[in-house]
Amino acid sequence: MLNISNQQIDEQMFAEHPLKTLQDLPKPKGGRRLGRWMLFFLFITFIVLLLPWRQNVDGTGTVTALTPQDRPQSLQNAIAGRIERWAAQEGQYVKKGDTILVISEIKDEYFDPNLPQRLREQLAAKQGSRIATDAKIDALDGQMRALGVGVKADLAAARNKVRQSQLQVRIDSADLVAIQRNYQIAVSRLERYEKGYQDGLFSLTDLESRRITLQQDYAKVIMQENKLNVTRQSLTNARINLDLIQAKYEQEIAKTMSDRSSAVSSQASANNEIAVMRNKISNVAVRRGLYIIRAPQNGYIVRALKAGIGETIKEGESIATLQPDKPTIAVELYVRAMDVPLIQRGRMVRLQFDGWPAIQFSGWPAVAVGTFGGKVVVIDAVSSNNGKYRLLVRPEQLPNDQPWPSQLRVGSGVIGWVMLDNVPVWYEIWRQLNGFPPNLKQEPEKTEKL
């Protein structure tokens with residue numbers, strides 16, 4: 001009841017006649033208690049908002065190997081062939097050099113089982129041809145030397161003949177001059193005798209005798225001129241002979257050099273064919289060694305990509321997958337493009353592997369349970385096919401961390417958080433509500449992006 005009248009109700013009446021409605025009403029102390037609890041939770045919330053929060057960039061990926069040679073590889077055959085026998089099974093451990101697959105030849109040019117012997121016989125024939133060509137070249141060289149010696153003798157004799165003819169021409173020219181002078185003297189004497197005969201000093205017999213002598217001297221002049229002409233002609237013939245000897249030598253030398261050039265060409269062709277035959281012999285030997293496909297390194301045969309006996313495979317075709325033994329385990333994480341500039345090499349990463357239960361508080365890595373530590377060692381310079389960037393994370397064990405599980409296998413799934421800087425919890429909530437990226441204290445160095 002409301003106390004709105006001036007008359008007070010006796011307290012004894014309440015004691016004798018209690019009212020249930022008044023008893024059910026809350027007492028004034030309950031409100032105070034609720035207010036205290038609200039103040040307590042408000043204070044706790046305020047304290048929590050001021051706590052430090054570790055910003056991070058999350059990503060998903062798989063377990064891989066740190067070095068390329070430790071990652072799963074496809075075994076390929078270098079030549080085409082037909083499968084004859086499998087020497088390894090899926091899941092089997094093989095060592096480097098162990099036989100995995102045996103194939104046979106499918107190209108008809110290599111069907112002959114005695115092909116190496118046939119090729120060696122052809123090589124011997126080519127070598128014999130080259131020896132004959134070498135002998136021919138030596139013979140032609142000897143012929144050229146003999147021609148050189150012979151032409152020297154012939155040229156010396158021809159030059160001597162020319163010099164003799166030149167001397168004979170000089171002698172005959174001198175004789176002609178002398179005979180011509182005698183003829184001029186005879187002409188002068190004849191003129192004096194004719195004048196003396198007219199004056200009666202000489203007889204007709206003396207005059208006729210002088211005329212006969214003049215005719216004889218004139219005949220001597222004609223004979224000496226003819227002799228000089230013959231000598232000059234001999235000199236011309238000697239010079240022509242000298243030129244003919246030189247021309248004949250050059251002709252024979254040119255022919256011999258042409259034969260030698262042909263022999264040298266045959267020699268080069270023989271050398272080329274010998275080199276081709278040797279190369280083919282080596283190729284056949286190497287090719288026969290490729291009929292057996294061996295393990296390139298220690299590891300496990302994960303999967304056979306070709307099956308059956310008698311199946312043909314092409315050259316360069318993958319036949320099996322090999323997982324190298326004892327790989328250096330790493331993790332490849334894929335993060336968004338907007339987060340890549342915030343990540344540098346050396347950043348710590350918390351990892352959660354598939355099959356290992358974990359309780360992860362991304363903002364408080366110290367209280368995470370079941371996670372493992374790592375460090376960023378590689379940041380790809382280009383994005384992957386999914387538009388994200390790949391990070392390679394190697395194991396990095398902190399003082400309170402457990403080592404990575406030895407049971408991890410390449411290809412297992414993993415979730416990772418790249419740890420950034422510390423910020424208050426209220427800032428992180430405000431950033432998440434507004435969709436802002438994490439912040440950094442300073443701009444990353446350019447070298448860290450490579």
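# Two aspartates, two cores and a set of strands

The side chain of Asp339 makes a polar contact of 3.0 Å with the side chain of Arg336. The structure in which this contact appears is a predicted model. Asp339 is located in a loop, the one between β10 and β11. A place in a loop does not by itself tell whether a residue is covered. Asp339 has a relative accessibility of 2%, and the cut-off for buried is under 20%, so Asp339 counts as buried. When residues up to four places away in sequence are set aside, Asp339 touches Val57 and Pro438.

The strands on either side of this loop lead to the next topic, the nonpolar cores. The largest nonpolar core has 21 residues, and those touching the most other members are Val331, Leu333, Ile343, Leu351 and Phe353. At least two residues of this core come from each of the strands β1 (52–65), β10 (329–335), β11 (348–353), β12 (372–379), β13 (389–395) and β14 (413–424). Leu333 can serve as an example. Neighbours within four places in sequence aside, Leu333 is in contact with Gly59, Thr60 and Gly61, with Val349 and Leu351, with Tyr389, Arg390, Leu391 and Val393, and with Val414 and Gly416. A second core, separate from this one, has 16 residues, among them Ile100, Ala295, Ala320 and Leu322.

Ala320 also appears in the pairing of strands. Strand β7 (residues 299–304) and strand β9 (residues 318–324) run antiparallel and are joined by 5 bridges. Within β9, Ala320 stands opposite Ala304. Strand β7 also pairs with strand β4 (residues 93–94); these two run antiparallel as well, with 2 bridges between them. Here Tyr93 has Tyr300 of β7 as its bridge partner.

The last stop is a second aspartate, Asp172, which belongs to helix α4 (residues 115–199). Is Asp172 buried or exposed? The relative accessible area of Asp172 is 0%; the limit for buried is under 20%, and therefore Asp172 is buried. Residues up to four places away in sequence not counted, Asp172 touches Gln224, Lys227, Leu228 and Thr231. With Thr231 there is also a polar contact, in which the two side chains are joined at 2.3 Å.

Both aspartates can now be placed in the model. Asp339 sits in the loop between β10 and β11, and its side chain has a polar contact with that of Arg336. Asp172 is in helix α4, and its side chain has a polar contact with that of Thr231.

How values were computed: Residues numbered from 1 in each chain as written. Predicted model: local features only at pLDDT ≥ 70, side-chain atom pairs only at ≥ 80, totals over all residues. Heavy atoms only, no water. Helix = DSSP H or I, 4+ residues; strand = E, 2+ residues; numbered from the N terminus. Buried < 20%, exposed > 50% of the residue type's maximum accessible area, 1.4 Å probe, protein only. Polar contact = N/O pair within 3.5 Å; in protein donor to acceptor, adjacent residues only side chain to side chain. Contact = heavy atoms within 4.5 Å. Core = buried A, V, L, I, M, F, W, Y, C linked by side-chain atoms within 4.5 Å. Pairing = 2+ DSSP bridges.
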